[in-house]
Structure formats: structure tokens, C-alpha cells
Amino acid sequence: MVEKISRVFARQVLDSRGNPTVECEVHTSSGFSRAMVPSGASTGVHEALELRDNDHCFLGKSVTMAVTNVNTAIAKALVGLDVTDQRVVDNALLALDGTPNKSRLGANAILSASMAACRESARVQGIPLHEFIGFLAANDRFVLPCPASNLINGGAHAGNELDIQEFMVMPLGAKSFAEGIQIVAEIYQTLKKKIVAKYGKQAVNVGDEGGFAPPLKEVREPIELILSAVQELGYSDVVRLALDSAASGFYADEAYTLAGKRLSGPELMEVYFDLKKTYDVYSFEDPFAEDDWLNWSDFTAEVGNVAQVVGDDLLVSNPVRIRKALMEEACNALLLKVNQIGTVSEALEAASLARKNGWKVMVSHRSGETEDSFIADLAVGLGCGQIKSGAPCRSERTAKYNQLLRIEEGLEARGQTNYFK
Ligand code: PGA
Ligand code: ZN
């Protein structure tokens with residue numbers, strides 16, 4: 001089927017932190033679809049460029065230049081193209097920008113159009129978005145992902161002194177996504193009671209990703225708190241821990257400063273070995289800084305066969321960085337964030353490259369999110385089995401989890417359900 005794009009239109013809207021972001025509409029003769037772009041706080045230096053105005057509006061964060069780029073150059077390039085051909089749409093966007101990091105038009109401008117076109121394509125074909133993404137990824141086995149849910153926030157996402165950014169639980173032993181998210185929500189509410197009892201009411205204010213941000217410093221404290229909630233509920237056999245250190249955030253002058261102590265890469269590695277041994281951590285994301293290749297490789301050589309080592313800032317969802325990481329054997333899983341790379345096609349290419357080489361893929365939100373649930377369909381369409389979308393709290397986080405509940409219900413009705421395995 002061929003369905004031509006008739007109009008492309010963007011506007012400035014707000015994200016979950018109250019900062020401006022781009023929303024785009026892609027129209028065809030029968031209707032239109034929208035997409036909104038997320039934004040990171042602990043962004044990798046190698047990410048595609050997020051174009052901001054840097055003037056007095058919204059304290060420099062307005063995105064009117066990106067919006068204008070959509071409404072002028074991008075609209076001109078896309079109108080008349082077949083919306084059902086994602087590669088053609090994305091190639092037109094890439095050719096128009098012409099820079100390696102999308103610095104001319106802005107990755108936020110480009111991605112908004114790429115995602116909206118993808119959603120409109122599914123709509124005109126009368127199929128769910130995850131099914132169209134599955135078609136693009138040559139995957140027909142739709143898998144509901146296991147959530148990696150961030151219950152305690154630190155680093156750049158919280159006002160406490162925790163250096164490690166995310167303390168997550170993964171209900172790997174759940175039998176369905178619905179059961180998994182129930183387990184996560186029960187842990188979250190139990191954890192809340194425990195934090196109030198120990199640190200008072202002000203300690204359950206939440207961070208950017210909906211996790212609590214209690215006044216903690218040492219890395220073991222949040223883990224112990226989470227595990228005590230898990231144990232109280234009897235979920236010890238069902239749930240595993242996952243960490244996102246976002247270590248570039250506490251790396252400077254060739255050292256890592258963790259809980260006030262300066263550590264070398266190998267010393268930090270010892271901390272992780274200890275956490276692995278004591279708590280059987282399932283997944284370590286960004287354990288080292290984004291260009292500290294040697295420590296990444298040494299760590300993966302040590303734990304890669306018993307734990308997931310996930311590259312986020314290291315890889316920035318970029319096939320070029322993924323190829324380097326494959327050569328260096330620096331990690332064994334890709335964190336996939338569509339706005340790090342800037343088009344749907346390139347994100348799918350990154351996922352495919354990772355999986356072809358035996359890596360796991362975890363689809364991810366950003367700390368600055370919107371109510372757009374695109375990544376829920378992306379995770380199912382890829383069939384990659386893992387998604388990170390924050391705590392089961394704050395609507396920009398639950399929008400993704402709720403969409404996954406709907407998708408699971410739809411697949412169940414057709415007898416096609418698969419949960420992350
Ligand atoms: P960010 O954080 O969106 O602020 O980059 C998420 C992450 O590091 O995974
Ligand atoms: Zn990360």
C-alpha cells in the first residue's frame with residue numbers, strides 16, 4: 001500500500017520536567033498521527049544533538065528552532081513521500097540534515113517526524129504500532145518485555161547524595177507483563193512505607209523517573225531497603241536487581257568519586273564484584289564512564305557470562321559505537337534510546353546489530369519524558385524482552401507500562417502472548 005504524506009506540522013509542548021520539547025504531526029489523506037520527543041539529563045557526550053534555542057525563553061531550553069525546522073525544511077522534504085516506507089522517510093531526513101550527529105536540524109526535530117510517520121504508517125495500514133515495528137525489524141514474535149523499574153533515584157535525577165543513578169528491580173520470574181508490573185507496584189508501595197518509617201515523610205518525594213529519592217549516600221543502603229521490601233512480599237525468587245551507575249556522572253580526572261571516596265577504575269570494579277556477590281545483581285548499566293573502554297572490557301571479561309553489562313552513554317544507540325564495543329568486547333547488552341540516535345530506522349539498525357552479535361537489548365525511556373508511549377510498542381515489536389520506564393509512578397512512566405498492559409491483552413486475545421523469554 002502507498003499512502004502519501006500530505007502535511008507535517010510541529011509545535012512546542014512541555015515534557016515531564018516542565019521543559020519544552022517537540023511534538024510533531026504527520027498527516028495523510030485519511031487522518032494524522034502524533035509523536036513527542038523525550039530528553040535526557042545524564043546525556044552521553046556522543047549522543048545526537050538536541051537542538052535548543054539557548055536564548056531567554058524557558059531559560060534557554062525552548063525548542064522553537066527545532067519546531068521551525070520541522071515546519072519548513074522537514075515538511076518540504078517529507079510531503080509527497082510514501083508514509084508506509086519508513087526507510088524512505090528516514091533517509092530523506094538524514095539526507096536533509098547531512099551531519100553525523102544531526103546538528104543541522106536537531107535530533108529532536110528529526111526524531112519527532114520519524115516517530116510520527118511510523119505511527120501514521122501503522123494507522124493507515126490498520127495495524128497496531130508494535131506490529132508495524134515488528135515488520136520493520138523483520139520480527140513476528142511479539143514479546144512483552146520484563147520491566148526494569150527504577151525504585152530509588154540518585155545521580156542527576158534526584159536531590160540526594162547517591163552517586164549511582166538508578167536502583168531497579170526486574171520481575172524476571174513473573175509469568176506475564178501484567179503480573180510483573182503488579183509485583184513491581186507492590187514492591188514500590190511497600191518500599192514507600194519502609195522509607196517513611198525510617199527517614200520520615202519528606203524522604204518519599206520522588207525523583208525524575210518516579211523512584212524515591214531518600215537522603216542516602218552509600219550504595220548498599222538503597223539496595224538493602226529494596227530487598228527488605230522484596231523479602232517482606234515473598235518475591236525474592238521472582239525479582240532480580242539492576243543498577244544504572246551512569247558512571248560518567250561521577251567520573252572526573254581519571255577517577256570515580258563514590259560516596260565521597262576517590263576510586264580508580266579497578267577499585268570501582270571491586271565494588272561491583274562485591275555487589276554481584278552479595279546481591280546477585282542481574283544487570284549493570286554504564287558501570288564505567290563513556291570513554292573508559294579498558295575498564296568496560298575488563299569488567300565484561302569478568303562478569304559477562306553471569307551478568308548483563310549494558311551500554312547506554314557508552315553506545316548512545318549508535319551503530320558506529322556498537323561496532324567498536326563489539327570489537328573491544330566492552331559490554332553484552334544495548335540500552336536503546338531512540339532520541340540518542342534520532343530516527344526509527346537507525347534505532348532498529350542498532351538493535352539488529354546488537355542482537356545479531358548475541359547481545360541483549362533493553363528499550364529505554366529518558367529521564368525527561370512525555371505521555372507518548374512509543375517505546376512500549378518498540379519493545380514489543382523488537383521482541384527484545386526488556387524495557388526500562390522508571391517507577392510504577394508518574395503518568396509519563398506509567399503511560400508506557402499501561403500501553404504494555406493493553407498490548408498484552410490484545411495479544412492474549414489472539415493467543416500470541418509471550419513474556420520476555
Ligand atoms: P537520562 O537517564 O535520560 O537522564 O540520560 C536515563 C539513563 O541514564 O538511562
Ligand atoms: Zn543509563
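Modeller: Hello! Let's begin with a definition: a residue is buried under 20% relative accessible area, exposed over 50%, and partly exposed in between. Please keep in mind that this is a predicted model.

Biologist: Thanks! Is R240 buried, partly exposed or exposed?

Modeller: R240 has 25% relative accessibility. The in-between class runs from the buried cut-off of 20% to the exposed cut-off of 50%. R240 therefore counts as partly exposed.

Biologist: Which residue forms a salt bridge with R240?

Modeller: In this salt bridge the closest N and O atoms are 3.4 Å apart. It links distant parts of the chain, with R240 in strand β6 and its partner 40 residues away in the loop between α7 and β10. That partner is also partly exposed, at 37% relative accessibility. The residue is D280.

Biologist: How many residues apart in sequence are the parts that K194 and E232 tie together?

Modeller: K194 and E232 form a salt bridge, with 2.8 Å between the closest N and O atoms. K194 belongs to helix α5 and E232 to helix α6, so the pair joins two separate parts of the sequence. K194 is partly exposed at 22%, whereas E232 is exposed at 57%. The separation of those parts is 38 residues.

Biologist: Let's turn to the metal. Which residues are the protein donors of the zinc ion (ligand 2)?

Modeller: The donors lie 2.0 to 2.2 Å from the zinc ion, and in sequence they are spaced D-x40-E-x26-D. The E sits in strand β10 and the last D in the loop between β11 and α9, so this pair ties together parts that are 27 residues apart. Both of these are buried, at 1% for E285 and 2% for D312. The donor residues are D244, E285 and D312.

Biologist: Which residues does UniProt list for "active site"?

Modeller: The listing comes from an unreviewed entry. One listed residue is in the loop between α5 and α6 and is buried at 2% relative accessibility. The other lies in the loop between β12 and α10 and is buried at 6%. They are E209 and K337.

Biologist: Which zinc donor is in contact with K337?

Modeller: Leaving aside neighbours within four places in sequence, the contacts of K337 include S317, S364, H365 and R366. E209 also has contacts with H365 and R366. The zinc donor among the contacts of K337 is D312.

Notes. Residues numbered from 1 in each chain as written. Chains lettered and ligands numbered in written order. Predicted model: local features only at pLDDT ≥ 70, side-chain atom pairs only at ≥ 80, totals over all residues. Heavy atoms only, no water. UniProt positions renumbered as here; feature names shortened; annotations may be inferred. Helix = DSSP H or I, 4+ residues; strand = E, 2+ residues; numbered from the N terminus. Buried < 20%, exposed > 50% of the residue type's maximum accessible area, 1.4 Å probe, protein only. Contact = heavy atoms within 4.5 Å. Donors = N, O, S within 2.8 Å, 3.2 Å for Na, K, Ca; no water. Salt bridge = Lys/Arg side-chain N within 4 Å of Asp/Glu carboxyl O.
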